Amino acid sequence: MTSGATRPTDLTDLGIAAIRDGVRDGAFSAREVTLAYVAAVEKARGLNAFIVETPEHALAAADAADAARASGELKPLSGVPLGIKDLFATEGVQTTAGSRILEGFAPAYESTVSANLFAAGAGMLGKLNMDEFAMGSSNETSGFGPVISPWRRSDGGNAALAPGGSSGGSAAAVAARIAPGVTGTDTGGSIRQPAAFTGIVGIKPTYGRCSRWGIVAFASSLDQAGPMARDVRDCAIMLEAMSGFDPKDSTSLDLPVPAWEKGLNPDLQGKRVGIPKEYRIDGVPESVGRVWDQGIEWLKDAGAEIVPVSLPHTKYALPTYYIIAPAEASSNLARYDGVRYGRREQPEQGGLTDMYEATRAAGFGAEVKRRIMIGTYVLSAGFYDAYFNRAQKVRALIARDFEHAYKEVDLLLTPTAPSAAFGLGEKMDDPIAMYLNDVFAVPASLAGLPAMSVPAGLDGQGLPLGLQIIGRALDEQNVLNAGLAIEQRAGFTHRPEAWW
Amino acid sequence: MSVDSHTVRHIAKLARIAVSDAEVAALAPELSNILGWVEQLQEVDVEGVEPMTAVIPNKLRLRDDVVTDGGIRDAVLKNAPMAEHGFFAVPKVIE
């Protein structure tokens, strides 16, 4: 991995580690790699993965990397062009969070996570499409149109599929190989579910590892950034660069960032992996259970001991989430008032309140309005105790379930999502059916735990399925190690055929 | 929990979102469905459980009470839909 880097025919076959090592060893220049990715981004516009393309940013970073190599001052991500989810504020570059209410908003500052990546030598290919304000599981709530998954069913029908969400542009970009790695954010599965749908790797670290400063807020007690890439090693490399204490985020953890890449070890001897029985639910396709059973065998083969465990409050996680997240969103999204940034609608002869109401009516999409109204309702006088306070208590019980399980085991293994990717339009009429996509992802979010999705196989229609590994708080290393053990045994080399 | 159109209008008012009659008619059953679905939390025994306030134990930090930022008025106003005389401008509030 560290020497003898070679040059592939197609430079977009290079992932993050390969670019880093090849630039260092002189197998190719950073500029060549970046030009190949810039061309791939342009060619793939039909996927609608990017809202804004910034080739000049990526090329400037590449030239800096080539100069750094000449002077012997390479950085951890020198010359690696990345995609940045449009939830991250990028200085001088439009940042919309997928919402028309922020169209044209060019922040005067850089988010801490993107600043960390750029300080590590990475460049930006552009801003990635996403569900509006990260509220969605299919990327169909974006104000800029849905992202089309690069994957298609093997039935030859060519139906347009959802890449998952909310980090759908991020997932599609990695799966289509138009970016070697991207940032995502995960509030209730928004990194893991799209990673599973598109056959890539994504990790949500422990809450507080990555600064939230400069990330457009959705539900602040849940929002957490993380990397999405082609393999576990690339995720470890990116996560190291993204993480770290930030005094500008009051919930940022003041802890050193472990050397996750160096610590990668797929030998799971002595590790105990729990299989939570509550994650076997009705109505889930047989293929999901089959891949889960296969994952159990792979972890045994890697030396782990498999232990059945119980997380009794699992079934309450999703309804708990759909009180807490909308409540926090209704408060966070109060700032979009047409005064300080973004869109303004001024009805003729209307006053200030009319302007607020018209601006928010015109600027927000249907799902965002729905969630703001749910949140407003559960926080309103007379209902706060029955809904919000009770949900925070159940949330404590869900976290306690995990604490009990981690007295017996080191990790948990579950499916990432209850199905493979679905077609665009198939679930938009039924909010609760859409919410059920995150049934396996939300519990770890509520407890703030690190969790990762790794591709494990294909379903009967040739679509990717992912496995989720959940770890103890701050134990990203063992999550990554178990992910690596699965990755090595799954040998998942499937990729969508380029039709775009 | 059933949400009627009167309640939808009240919530929309609190949330400062203008809603048309058609939207109210669509939102009432949608919100009722979602609120009916989260009702299942009522069956959980939460006796003696403290509401969660932080997922990872983390003491909130205090910093010195000093000015650390400022003097960037133009940057602050740069994205305003309307700014006049160095201020954000809004429709007339006081007659």
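Let me start with the area buried between chain B and chain A, which in this predicted model comes to about 5,000 Å², with carbon and sulfur atoms giving 70% of that figure. If you ask which residues on the chain B side stand out, W37(B), L41(B) and M52(B) supply 14% of the area that chain B buries against chain A, and that is more than any other three residues. In terms of contacts, 48 residues of chain B touch 71 residues of chain A.

Now to the charged and polar pairs. Between chain B and chain A the count is four salt bridges, and one that you can look up in the structure joins K315(A) to E43(B), where the closest N and O atoms are 3.5 Å apart. Across this interface there are also 20 residue pairs in polar contact, with both residues at pLDDT 80 or more.

Which elements give two or more residues to the side of chain B that touches chain A? They are α1, residues 5–14, and α2, residues 21–38, both of chain B, and of the elements α2(B) gives the most, with nine residues. Taken by residue class, that side of chain B divides into 32 nonpolar, six polar and ten charged residues.

Let me turn from the interface to one strand of chain A, namely β11(A), which runs over residues 464–471. Is this strand mostly covered or mostly open? It is mostly covered, since eight of its eight residues are buried, and if we go through the strand face by face, P464(A), G466(A), Q468(A) and I470(A) are buried on one side, while L465(A), L467(A), I469(A) and G471(A) are buried on the other.

As for the partners of β11(A), there are two pairings that I would like to show you. Strand β9 of chain A, residues 411–415, pairs with β11(A) in the antiparallel sense over five bridges, and within this pairing you can find P415(A) with L467(A) as its bridge partner. Strand β10 of chain A, residues 451–458, is likewise antiparallel to β11(A), here over seven bridges, and the bridge partner of P455(A) is G466(A). So L467(A) and G466(A), which we met as buried residues on opposite faces of the strand, each come back as a bridge partner, L467(A) for P415(A) and G466(A) for P455(A).

Finally, the hairpin of β10(A) and β11(A) has five residues between the strands, and there G462(A) takes a positive phi near 80°.

Technical notes: Residues are numbered from 1 along each chain as its sequence is written. Chains are lettered from A and ligands numbered from 1 in the order in which they are written. This is a predicted model: local features need pLDDT of at least 70, side-chain atom pairs count only at pLDDT 80 or more; totals for chains, interfaces and linings use all residues. Side-chain values use heavy atoms; hydrogens and water are left out. Buried means under 20% relative accessible area, exposed over 50%, partly exposed in between (1.4 Å probe, protein chains only). Helices (H or I, at least four residues) and strands (E, at least two) are DSSP runs, numbered from the N terminus. Two strands pair if DSSP finds at least two bridges between them. Contact means heavy atoms within 4.5 Å. Buried area is the accessible area (1.4 Å probe) that two parts lose on being put together, summed over both. A salt bridge is a side-chain nitrogen of Lys or Arg within 4 Å of a carboxyl oxygen of Asp or Glu. A polar contact is a pair of N or O atoms within 3.5 Å; within protein, one must be able to donate a hydrogen and the other to accept it, and residues adjacent in sequence count only if both atoms are side-chain atoms. Ala, Val, Leu, Ile, Met, Phe, Trp, Tyr, Cys and Pro count as nonpolar, Asp, Glu, Lys and Arg as charged, and the others, Gly among them, as polar.
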